[in-house]
Amino acid sequence: MMESLLKEIDKYLMTNLYPSHRIFVKKAEGVYLYDIEGNRYLDFMTVVTTATLGHNFKGLGDEIKRVVDNIVAGNGYNFYTEELLNAARNVIKLFDDNIMYNKIHFKLSGSEGIELAIKLSKRFNKKSNIAMFMGGYHGRTYLTGLYHGIRRKEYGPLPPGVIILPFPYKYRSKFEEIKEEEYAKIIVEEIEQYIKNNSDLSCVISEPIQGIGGIVIPPSNFFSLLNKVLKEYGALLIMDEIQTGMGRTGKIWGFENFDTKPDIVVAAKGMTGGLPASAVITRGEIASSMQLNDEHSTFGASAIIMAAVAYSVSYFLKNKENLLDNVNKMGEYSLKRLKELQEEHPIIGEVRGKGLLIGIELVKNRKTKEPASKETSDICLNKALKKGLLVVPSGWYGNVIRFAPPFIVTREQIDEAVDILDKCFYEAEKESKIQ
Ligand SMILES: Cc1ncc(COP(=O)(O)O)c(C=O)c1O
């Protein structure tokens, strides 16, 4: 049955736009997805890190049904709903500092949230240029998508006023041997040169840890050094927490790993229960720079979506200690197991991660570090899939396996996933003669 449906998918859909796992999913539960033929998959991509609390976690479906039965169409801008207020109140509770982060606006997608953050920044400091990092990923709208990872030549030059800055990626730098703190200083000094020559810089946008860029973790002093420079030049730091927010890195916000406070935070994925929403959070001073009628979105912040956000965030807050504890313990356990695999497998160049956001960088040769991009894609979309594991490729060169299970994952499920990857690596090494 699956084969004939896949033929129809190819007939109607633009399947050339994204490398999908070629299965038809029927049911989702906890850490598992099930296809229409009853096959079970361990979901270690967490449907691109949205199902962080587990698929269909307790009560989410009932809460959504409650609102569906009293459906209020449209958005949360032309009038308000209690669901909108609850969502706003709960997301703000995720921050310790309610002076720095006390105003929120909801959008439908991560990309839209990033675009609003940029507009807020430009309105606030009346400067016009923006900077993003090499390897950063902020979505696929026209602005955010023009630059993602390695810029696509086909779309022409970058829009005027967009600057691309170097990001500290130690494994692929010539500074692999020096201390992290020193490396951060070198990169920030380089960044300062760009900023000096750009007096009109409004903001720098960054993920705390590059996700789609391949789980690239900057040194722990990087953002505090960077933010200090930005403040000297009157520029804001926008933190894209779309993937890292609400616990993924073992702390509520990814930026908490880096001893700095961004001016604007954009969150999405994990806090939404899988429904389309993002949140832009900042302080009153910045929020008030926007004017009436500056923002709208027909379906944004509708009651159904806001109920899912309010419920998911409240569920997280109620179970925060246990969930974060599991993220940290299972994260450490996964790193340990994957580093053991690295000793066995020449294809693994580096294993790195924080909490349950882990990357396995695959190379054809450990000395030259030539990216094993084709092998990575084949492992994720073919070899691991056939063995019942869902993982996705990421990275500047598409050669990093993103290992990011839901927060409720168990040791046994991690063992099962690692054992599947072990087999996949043996197969790939044999086929590509990697030794
Ligand atoms: C860090 C980051 N920023 C932005 C986005 C874009 O979000 P969306 O796909 O909802 O527009 C993503 C999506 O994967 C992301 O991981």
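How many bridges join strand E8 to strand E9, and in which sense do the two run? I come back to that in point 4; here are my notes, bearing in mind that this is a predicted model.

1. Start with the domains. The assignment splits the chain into domain 1, built from 2-57 + 321-432, and domain 2, covering 61-318. So much for the bounds; as for spacing, the C-alpha centres of the two domains are 25 Å apart. Where they touch, domain 1 puts in 30 residues and domain 2 puts in 28 residues.

2. A bit more on the side of domain 1 that touches domain 2. Five elements give at least two residues each: helix H2 (46-49), helix H11 (320-344), strand E11 (348-354), strand E12 (357-362) and strand E15 (400-403). H11 has the largest share, with five residues. By class, you'll find 13 nonpolar, eleven polar and six charged residues on that side.

3. Now the four-stranded sheet. This one is open and mixed, and its strands come in the order E1-E2-E3-E13. Strand E1 (25-29) and strand E13 (389-390) are the edge strands, each pairing on one side only. E13 runs parallel to strand E3 (residues 40-43), and two bridges link them. If you want a spot to click on, look at aspartate 43, which sits opposite leucine 390 of E13.

4. Next, the seven-stranded sheet, also described as open with mixed pairing, in the order E4-E10-E9-E8-E7-E5-E6. Strand E4 (103-107) and strand E6 (162-165) each have a single partner strand, so one side of each lacks a neighbour in the sheet. Ignoring direction, neighbouring strands are turned by 20° against each other on average. As for the opening question: strand E8 (residues 236-241) and strand E9 (residues 264-267) run parallel and are joined by four bridges. Isoleucine 238 has isoleucine 264 in E9 as its bridge partner.

5. Follow helix H5 (residues 110-125) along that same sheet. H5 packs on the sheet and touches E4, strand E5 (129-133), strand E7 (201-206), E8, E9 and strand E10 (278-282). The direction of H5 makes about 25° with that of E10.

6. The helix pair to look at is helix H4 (residues 82-93) with helix H10 (residues 303-318): their axes come within 8 Å and cross at roughly 35°. The crossing of H4 past H10 is left-handed. From H4, the contact uses Glu83, Leu84, Asn86, Ala87, Asn90, Val91 and Lys93. These meet Ala303, Met306, Ala307, Val309, Ala310, Val313, Ser314 and Leu317 in H10. Sorted by class, the contact has ten nonpolar, three polar and two charged residues.

7. Last, the ligand. Which residues come nearest to the ligand? Of the 14 residues around it, they are Ser109, Gly110, Ser111, Gly139 and Ile242. The shell as a whole has five nonpolar, seven polar and two charged residues.

How values were computed. Residues numbered from 1 in each chain as written. Predicted model: local features only at pLDDT ≥ 70, side-chain atom pairs only at ≥ 80, totals over all residues. Domains from an automatic or database assignment. Contact = placed C-beta atoms within 7 Å. Nonpolar A, V, L, I, M, F, W, Y, C, P; charged D, E, K, R; others polar. Pairing = 2+ DSSP bridges. Near = placed C-beta within 6 Å. Axes fitted to C-alpha atoms, helices over the stretch in contact; angles between N-to-C directions. Left-handed = near helix turned anticlockwise from the far one by under 90°.
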